[in-house]
Amino acid sequence: MRDLLKGILVFAFVMILVVVTPYTLKYWDQFSNASTQDFANFGTYFSGILTPLFALVSAIFLGVQILETSKNNKLERLVRDHKEYLCSFSDRLGLLNKNDIINADFTALKAYHNGDGVILSLIDFYNSHNNLIEAFIIVSETLSQINKIDPHQFRSSRGLTLSKVDRDILARIERLAFFLDLERGYTNVEDYKWLCKESRADVKTDF
């Protein structure tokens, strides 16, 4: 917004120069003998050209302000939702045996690298932990939406996520979520928005 305001001020200054300079150069020698009517004519000329331009700039500035306010409101809502979703995800995770997640991740990777169906290998795990996986997907999608609006806020929200959930476990859950989305046909390796770089460490990219 500050850069926009500077741009508008520069634009206004340039427009004044563009309007005033030709008139001044043409009638400079006559200014000393100018009458009140001459200055009135100059004022009419000046305002007649600049007023529509400034009105347009004001409309653009107002429109940008509305868009900026809308963006900020959406960002605040996403950040608030992310915190709620993260708490829900963390609470669900706290009720589980982490060894189940580690074993499921190992089985999923083995099936994935062997070209076997990950879902078939872990159908019982996915059925019994569906709420956990879906909760992670919601957290991840919310972070992705935050990143589109404000990368700085994304880094802060991502840091909060990594501080509330064990990074190794989070990476394993992300892999399990990725395999599920991959089987559903919702994503691929390159397009997936990885939250943890560790999640992708053992995922093939050479299809």
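Here are some exercises with worked solutions on the chain shown above, which is a predicted model.

**Exercise 1. Describe the overall make-up of the chain.**

Let's begin with secondary structure. The chain comes to eight helices and zero strands, so from the N terminus on the order of elements reads α-α-α-α-α-α-α-α.

Next, look at burial and surface. Of the 207 residues in the chain, 32% are buried. The accessible surface comes to about 13,000 Å², and carbon and sulfur atoms account for 56% of that surface.

Finally, consider the contacts. Taking those between residues at least 6 apart in sequence, 71% join residues at least 24 apart.

**Exercise 2. Check whether the length of helix H8 agrees with its number of residues, then describe its surroundings.**

Step one is the expected span. H8 covers residues 167–184, which is 18 residues. The expected span uses 1.5 Å times one less than the number of residues, which is why 26 Å is the value to look for in H8.

Step two is the comparison. The end C-alpha atoms of H8 are 25 Å apart, which agrees with the expectation.

Step three is the two ends. At the start of H8, a side-chain oxygen of Asp 166 comes within 3.1 Å of the backbone nitrogen of Asp 168. Just after H8, Gly 185 has a positive phi of about 85°.

Step four is burial. H8 is mostly covered, with 13 of its 18 residues buried.

**Exercise 3. Classify how helix H6 packs against H7 and against H8.**

Two quantities are needed here: packed helices are described by the angle between their axes and the distance between the axes.

Take H6 (residues 130–149) and H7 (residues 151–164) to begin with. Their axes come within 6 Å and cross at roughly 155°. Angles over 145 degrees count as roughly antiparallel, and H6 and H7 are therefore roughly antiparallel to each other. On the H6 side, the residues that meet H7 are Val 139, Leu 143, Ile 146, Asn 147 and Ile 149. Their partners in H7 include Pro 151, Phe 154 and Ser 157.

Now take H6 and H8. Their axes come within 10 Å and cross at roughly 95°. That makes H6 roughly perpendicular to H8, because the range for this class is 65 to 115 degrees. Among the H6 residues that meet H8 are Leu 132, Ile 133, Phe 136 and Ile 137, and the H8 residues include Leu 170, Ile 173, Leu 176, Ala 177 and Leu 180.

**Exercise 4. Compare Ser 156 with Ser 157: is each one buried, exposed or partly exposed?**

Begin with location: Ser 156 lies in helix H7, and Ser 157 lies in helix H7 too.

Then apply the cut-offs, where buried means under 20% relative accessible area and exposed means over 50%. Ser 156 has 45% relative accessibility, so it counts as partly exposed. Ser 157 has a relative accessible area of 4%, so it is buried.

Now add the surroundings. Leaving aside neighbours within four places in sequence, Ser 157 is in contact with Val 79, His 82, Leu 143 and Ile 146. Val 79 also appears in the picture for Ser 156: their C-alpha atoms are separated by 9.8 Å, with their positions 77 residues apart along the chain.

**Exercise 5. Work out the settings of Phe 89 and Glu 84 in helix H2.**

Start with Phe 89, which lies in H2 (residues 36–94). Its relative accessibility is 0%, so Phe 89 counts as buried. Not counting residues up to four places away in sequence, Phe 89 touches Leu 132, Ala 135, Phe 136, Val 139, Val 165, Leu 170 and Ile 173. One of these, Ala 135, is 46 residues away in sequence and 5.4 Å away in space, C-alpha to C-alpha.

Turn next to Glu 84, which lies in H2 as well. Glu 84 has a relative accessible area of 49%, so it is partly exposed. The C-alpha atoms of Glu 84 and Val 139 are separated by 9.1 Å, and these residues are 55 residues apart along the chain.

Methods. Residues numbered from 1 in each chain as written. Predicted model: local features only at pLDDT ≥ 70, side-chain atom pairs only at ≥ 80, totals over all residues. Heavy atoms only, no water. Helix = DSSP H or I, 4+ residues; strand = E, 2+ residues; numbered from the N terminus. Buried < 20%, exposed > 50% of the residue type's maximum accessible area, 1.4 Å probe, protein only. Polar contact = N/O pair within 3.5 Å; in protein donor to acceptor, adjacent residues only side chain to side chain. Contact = heavy atoms within 4.5 Å. Areas by Shrake-Rupley, 256 points an atom, 1.4 Å probe, with all protein chains shown as cover. Axes fitted to C-alpha atoms, helices over the stretch in contact; angles between N-to-C directions. Parallel < 35°, antiparallel > 145°, perpendicular 65-115°, else oblique.
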